[in-house]
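This report was prepared for a reader at the bench who wishes to see how the parts of one protein model fit together. Please consult the sequence and the model while reading.

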Amino acid sequence: MLPSASQRFAQLSTVQQPTGAQIVMRRAVVLGGSIAGLLAARVLSDHADEVLVIEPDTSDVALGPRPGAPQGSQVHALLAAGQAQIERWFPGFTEQAFDAGAPRPTSGTGRIFINGVRRTAPMSRPQVPGLITTRPFLEALVRRRTLAIGNVTLVPGRADGVILDGDRVSGVRYLPDGADELATVDTDLVVDAMGRSSRLGDWLEENGWPRPPMRRMPIKLNYATALFKRDEQVSDAWMAIAQTTPGNGRIPRIGGINSVEGDRWLMLVAGYDDDRPRRDADDFIARCRDHFPTEFREIAENGQMIGDVVTYHQADSRRRDFHQLDRLPAGLVAAGDAVASFNPIYGQGMTSAAMHASCLSAYLRSGPAPHTEPARAYFQQVRVIVDAAWQVSTFADLGLPHVDGPYPPGYRLVRWFSELLLEGSMTDEVIDERLARVTTMAEHPYALARPSTVWRVLRFRLSRPRHSRR
């Protein structure tokens with residue numbers, strides 16, 4: 001009997017150190033030095049004589065967001081599952097991050113508000129302290145650990161295409177940094193880690209191959225983020241999330257406060273559709289004061305803002321379904337946002353990328369011939385991760401007033417149960433723990449359909465006073 005999606009998800013999210021590495025190729029080339037590309041390079045270092053990472057921005061990413069990652073200035077979340085995977089590939093990474101300046105959280109410091117009501121259930125305690133940092137800080141540590149591996153090299157340049165030899169990818173074209181002419185490099189395997197704007201579909205089509213079908217979910221998300229000097233005289237907030245859900249005349253919004261390296265607060269406010277925060281300090285402060293809990297107002301009005309307000313817009317969530325292709329050249333895989341990118345408020349991006357690395361490891365340890373056979377097994381495993389993240393984010397986004405389907409079968413029932421689940425998590429520690437394991441991608445969403453969880457949520461519903469159910 002084939003394993004279920006939940007079982008495969010559990011296998012791919014293992015934290016066990018991989019064993020039995022075997023070299024199966026001479027050279028692998030990764031296009032893009034993002035989190036996805038760097039973790040793919042780490043995995044490939046166990047299976048290739050040489051790994052090249054082609055990336056146009058080779059400056060120290062700790063100095064600020066890369067030009068290729070305009071969202072890098074915004075609040076980022078490394079979910080528990082993502083942190084576990086990075087720790088798996090780079091043992092000691094979490095402690096290294098703390099030593100480098102990442103703030104070490106203490107228990108009971110997080111605050112979560114839903115529709116203005118603070119959650120009273122104790123926050124679930126992870127096995128290791130969570131990493132709350134800026135994206136450039138985290139990416140710089142991952143890059144340094146990856147490039148410290150002897151057979152991994154960062155190549156300054158911009159990818160320009162793939163070279164096909166019959167039914168396999170045999171090389172890539174790229175423009176070296178500072179050069180006027182394209183260069184080529186032979187390879188046994190190419191990893192597309194070029195993000196949402198990946199041109200791999202165009203390159204395949206130009207060579208007579210089908211492009212992967214793309215699905216989109218319009219979200220029209222609008223972000224604004226500002227840095228503040230952390231000052232306990234202003235606020236004792238450590239981490240806070242405030243969400244206003246749609247319904248009953250409410251305007252959906254989300255805000256976040258993270259204590260990050262450098263003794264700073266990174267604070268975000270976000271809206272949807274026509275609700276667009278501006279690059280304006282007065283607008284930012286007004287939103288914190290008028291739409292979010294006291295913690296946001298205290299920091300915005302009384303804190304010292306560092307630099308300018310930075311905005312970001314994401315029109316949609318999208319996924320490229322490589323697993324549906326009936327024809328696929330050998331020697332080619334994709335990872336991270338090049339496969340799927342989700343509504344960033346759920347924090348799934350970096351964690352999904354880390355789990356794609358786990359998929360690549362499982363594939364390469366299964367004894368494939370990556371340079372002669374299409375990597376269908378890899379894409380089937382990636383599908384398990386993408387489906388799980390897509391289900392969580394798009395189901396929630398379908399409740400936004402400006403999003404009009406497509407609605408999956410059973411949507412109304414699942415949405416009704418999801419609302420009960422969220423409400424129960426505000427006060428019930430067990431419900432909160434089980435929901436948190438899914439939202440942090442530690443477990444597959446199907447875990448919430450277990451009879452014990454369904455019964456606990458329904459019992460919570462029945463135990464509430466009748467007037468509070470309205």
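The text below treats the sheets, then several helices, and finally the cysteines.

The model is predicted, so that local features need pLDDT of at least 70 and side-chain atom pairs count only at pLDDT 80 or more, while totals for chains, interfaces and linings use all residues. Residues are numbered from 1 along each chain as its sequence is written, and side-chain values use heavy atoms, with hydrogens and water left out.

## The two sheets

Helices (H or I, at least four residues) and strands (E, at least two) are DSSP runs numbered from the N terminus. Two strands are said to pair if DSSP finds at least two bridges between them.

One open sheet has seven strands with mixed pairing, in the order β7-β6-β5-β2-β1-β8-β14. Its edge strands, β7 (183-186) and β14 (332-334), each pair on one side only. From one strand to the next, the twist averages 40°. An open sheet of eight strands, also of mixed pairing, runs in the order β4-β3-β10-β11-β12-β9-β13-β15. Here β4 (117-118) and β15 (340-341) are the edge strands, each pairing on one side only.

Three of the pairings are set out below.

| Strand pair | Sense | Bridges | Residues standing opposite |
|---|---|---|---|
| β6 (168-176) and β7 | antiparallel | four bridges | Val172 and Val185 |
| β9 (214-229) and β12 | antiparallel | nine bridges | Thr225 and Leu268 |
| β11 (253-260) and β12 | antiparallel | eight bridges | Ile257 and Met267 |

Strand β12 (residues 264-272) pairs with β9 and with β11. A residue counts as buried under 20% relative accessible area, as exposed over 50%, and as partly exposed in between (1.4 Å probe, protein chains only). Eight of the nine residues of β12 are buried, so this strand is largely enclosed by the rest of the structure. In a regular strand the side chains alternate between the two faces of the sheet. The hairpin of β11 and β12 has three residues between the strands, and Gly262 there takes a positive phi near 80°.

Helix α10 (residues 376-397) lies across β9, β12, β13 (305-320) and β15, and runs at about 110° to β13. For this angle, axes are lines fitted to C-alpha atoms, for helices over the stretch in contact, and angles run from 0 to 180 degrees between N-to-C directions.

## Helix α5 and its surroundings

Helix α5 (residues 135-147) has 13 residues and reaches 18 Å from its first C-alpha to its last, close to the 18 Å expected at 1.5 Å a residue; the expected span is 1.5 Å times one less than the number of residues. At its start, a side-chain oxygen of Thr134 reaches to within 3.4 Å of the backbone nitrogen of Phe137.

Why is α5 described as largely enclosed by the rest of the structure? The reason is that 10 of its 13 residues are buried. Among them are Phe137, Leu138, Leu141 and Val142, together with the charged-type names Arg135, Glu139 and Arg143. Contact means heavy atoms within 4.5 Å. The buried residues of α5 pack against α2 (35-44), β2 (48-55), α3 (80-89), α4 (93-99), β5 (152-165) and α9 (349-364).Helix α3 is mostly covered as well, with seven of its 10 residues buried. These are Ala81, Gly82, Gln83, Gln85, Ile86, Arg88 and Trp89. They pack against α1 (5-12), α2, α4, α5 and α9.

Arg42 lies in helix α2. With a relative accessible area of 14%, Arg42 is buried. Not counting residues up to four places away in sequence, Arg42 touches Trp89, Phe90, Thr146 and Ile149. Of these partners, Trp89 is one of the buried residues of α3, and Thr146 is one of the buried residues of α5.

## Helix α13

Leu458 is found in helix α13 (residues 451-463). Is Leu458 buried or partly exposed? Its relative accessible area is 29%, and Leu458 is therefore partly exposed. Leaving aside neighbours within four places in sequence, Leu458 is in contact with Trp416 and Leu420. The C-alpha atoms of Leu458 and Phe417 are separated by 8.6 Å, although the two residues are 41 residues apart along the chain.

## Cysteines

A disulfide is a pair of cysteine sulfur atoms within 2.5 Å. By this rule the model has zero disulfides. Cys288 has 0% relative accessibility and therefore counts as buried. Cys359 is buried, with a relative accessible area of 0%.

Definitions and conventions: Polar contact = N/O pair within 3.5 Å; in protein donor to acceptor, adjacent residues only side chain to side chain.
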